Amino acid sequence: MAETTTQQRPLMGWDKPELDLTNADWQSSSRGVGDVQIAFVEGFIAMRNSGRPESPSLIFTPDEWGAFVSGAREGEFDLT
């Protein structure tokens, strides 16, 4: 069976920079018991899976983060 690789291209309208998260100050999202960590870097909010910190992080603008958190509070997302 042949292996294939797919090259990912930035999404249309993707205007977020490539952030260096190497020295980011990651914080637990739920007082140390959750699976998600966040960091504030260069005016953006990065979110990652604390169990797999090497996996890609999601990057939010402040407005996107506000909408995400608002949706989570209304039960739209399960953060546990």
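The secondary structure of this protein, a predicted model, consists of one helix and four strands.

**Exercise 1. Determine the order of the secondary-structure elements along the sequence.**

Solution. The elements to be placed are four strands and one helix. Read along the sequence, they give the pattern β-β-β-β-α.

**Exercise 2. Classify Gln 37 as buried or exposed, and describe its surroundings.**

Solution.
- Step 1: Gln 37 is located in strand E2, which covers residues 36-41.
- Step 2: The relative accessible area of Gln 37 is 18%. Buried means under 20%, so Gln 37 is buried.
- Step 3: With residues up to four places away in sequence left out, Gln 37 touches Trp 26, Gln 27, Ser 28, Ala 46, Met 47, Arg 48 and Ser 50.
- Step 4: With Arg 48, the side chain of Gln 37 also makes a polar contact of 2.7 Å.

**Exercise 3. Identify the partner of Glu 54 in a salt bridge, and state whether Glu 54 is buried or exposed.**

Solution.
- Step 1: A search of the whole structure yields one salt bridge.
- Step 2: Glu 54 is paired with Arg 52, and the closest N and O atoms lie 3.7 Å apart. This satisfies the criterion, because a salt bridge requires such atoms within 4 Å.
- Step 3: Glu 54 has a relative accessible area of 60%. Exposed means over 50%, so Glu 54 is exposed.

**Exercise 4. State the buried share of the residues and the accessible surface of the protein.**

Solution. Of the 80 residues, 31% count as buried. The accessible surface is about 6,700 Å², and carbon and sulfur atoms contribute 50% of it.

Conventions:
Residues are numbered from 1 along each chain as its sequence is written. This is a predicted model: local features need pLDDT of at least 70, side-chain atom pairs count only at pLDDT 80 or more; totals for chains, interfaces and linings use all residues. Side-chain values use heavy atoms; hydrogens and water are left out. A salt bridge is a side-chain nitrogen of Lys or Arg within 4 Å of a carboxyl oxygen of Asp or Glu. Buried means under 20% relative accessible area, exposed over 50%, partly exposed in between (1.4 Å probe, protein chains only). Helices (H or I, at least four residues) and strands (E, at least two) are DSSP runs, numbered from the N terminus. Accessible areas come from the Shrake-Rupley method with a 1.4 Å probe; for residues, only the protein chains shown count as cover. A polar contact is a pair of N or O atoms within 3.5 Å; within protein, one must be able to donate a hydrogen and the other to accept it, and residues adjacent in sequence count only if both atoms are side-chain atoms. Contact means heavy atoms within 4.5 Å.
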